[in-house]
Each structure stands twice: as C-alpha cells, then as structure tokens.
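Please open the model in your viewer and keep the sequence panel beside it. The tour goes from ring pairs to a helix and then to the whole chain.

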Amino acid sequence: VYFLIVIGVILLDHLVKYAVASQMVPGESIPVISEIFHITYVQNRGAAFSMMQGQWVFLILLPCAAILTALIILFWKRKNWNICMNLAIAFICGGGLGNLIDRITQGYVVDLFDFRVFPVFNIADIFICVGCGLLLLDVGCEPLRIAPGKLCGSADRFQHDFLQRHFPDIVSTAYICPILL
C-alpha cells in the first residue's frame with residue numbers, strides 16, 4: 001500500500017504542475033487571496049529555495065541514490081515499522097521522485113504555491129516536508145513507546161542509546177530533504 005501512496009503523490013504532484021504549466025507562462029502570477037496567496041508559475045532550476053543551480057551531481061545523482069535507498073529500505077523494513085514511519089518514507093519518496101522526474105525530463109522543477117513571504121513551492125515539496133516531520137515525530141516519540149521495564153540503567157544511558165541509534169536518521173533527513181525539494 002505504501003508504494004501506491006508513492007505513486008499517488010507523484011501523480012497528484014504532476015497533475016497540478018501540468019495544470020499550471022499548460023495554462024500559465026513562467027513568472028505569471030494569479031492572486032487567489034490578494035497579497036497573501038498567489039499561484040505563481042516558477043521554473044526552479046536548483047534545489048530548495050533555488051540553491052545549487054547547475055549542480056547536476058547534487059540535483060540528480062544524490063536524490064536518485066537517496067530515493068533508491070529509501071525505497072529499498074521501505075520494501076525491506078515496512079513490516080517492522082509503524083504506520084507513521086512508513087508514511088514518512090512514502091511521502092518523502094513520492095515527493096522526491098515527483099521533483100526528480102521534473103529535473104530529469106525538463107531540467108527544472110515547476111513551483112507554484114506563493115505565499116509572498118516564503119519561497120514558491122509545489123505539492124512534492126509539501127509531501128517531502130510532511131514526510132520529514134512525520135519521521136522526526138516518529139523518532140522523537142520512540143522513548144514514549146518503550147515499556148518502562150525495557151529501560152536498562154539510568155535515563156542518561158537510555159538517552160545516549162536513543163541518540164546513538166537515531167542520530168544518523170535525523171542528520172541524514174536534515175541534509176537530504178533540501179536536496180529533494
């Protein structure tokens with residue numbers, strides 16, 4: 001079912017991007033709520049907030065490797081994870097693939113949601129950010145799910161073990177997600 005979510009995210013993302021790109025010209029902006037929210041057609045040739053424009057190794061190869069790794073892990077570990085973790089990985093993969101397909105086929109990502117005080121973004125970006133939030137929420141709530149009898153030693157020891165197990169997840173999420181945007 002999580003692979004269907006990945007496909008659904010990609011389809012929704014591309015449907016919305018197609019609707020905007022086929023009806024608007026780059027730079028065109030349609031106010032939905034004047035001076036607050038606009039639909040603005042932007043061709044983003046970089047990563048998050050147009051960073052790393054022209055850096056194809058970082059914009060194509062690194063996201064390919066990250067998404068492929070995440071999909072393999074999702075396939076292998078999905079039965080051991082809870083719904084929150086599976087949804088997080090599915091959302092991140094779906095959003096990352098949506099933007100990656102744009103970069104490979106067009107050389108840019110179509111962005112469209114414009115709140116005027118924040119960089120313009122798209123559906124894929126929303127799913128990547130929500131997925132990262134779910135991942136961090138799931139990792140952060142793990143201590144609450146562990147039975148008190150399983151805590152061996154002091155709270156300091158538990159905190160150390162918890163951080164040692166999950167610090168790579170948190171750090172990799174912090175570094176990879178902006179590249180997928």
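**Aromatic pairs**

A search of the whole structure finds six aromatic pairs, where rings of Phe, Tyr and Trp (its six-membered ring) pair if their centres lie within 6.5 Å, and planes under 30 degrees apart count as stacked, over 60 as edge-to-face and the rest as tilted. Select Phe 37 and Phe 115 to begin: their ring centres are 4.7 Å apart and their planes stand at 35°, so this pair is tilted. Phe 37 belongs to strand β2 (residues 37-44), while Phe 115 sits in the loop between β3 (109-114) and α4 (123-145), so the pair ties together parts that are 78 residues apart in sequence. Helices (H or I, at least four residues) and strands (E, at least two) are DSSP runs, numbered from the N terminus.

This is a predicted model, in which local features need pLDDT of at least 70 and side-chain atom pairs count only at pLDDT 80 or more, whereas totals for chains, interfaces and linings use all residues. Residues are numbered from 1 along each chain as its sequence is written, and side-chain values use heavy atoms, with hydrogens and water left out.

Are these two rings buried or exposed, or partly exposed? Phe 37 is buried, with a relative accessible area of 15%, and Phe 115, at 38% relative accessibility, counts as partly exposed; buried means under 20% relative accessible area, exposed over 50%, and partly exposed in between (1.4 Å probe, protein chains only). Now add Phe 113, Phe 118 and Phe 121 to the selection, which together with Phe 37 and Phe 115 form one aromatic cluster.

**Helix α3**

Next, select residues 83-106, which make up helix α3: its 24 residues reach 34 Å from the first C-alpha to the last, close to the 34 Å expected at 1.5 Å a residue, the expected span being 1.5 Å times one less than the number of residues. Of these 24 residues, 17 are buried, so α3 is largely enclosed by the rest of the structure. One of the residues to show within α3 is Phe 91, which is buried, with a relative accessible area of 14%. Just after the helix comes Gly 107, whose phi is positive, near 85°.

**The whole chain**

Finally, colour the protein chain by secondary structure, which comes to five helices and three strands, running α-β-β-α-α-β-α-α from the N terminus on. Of its 181 residues, 38% count as buried.
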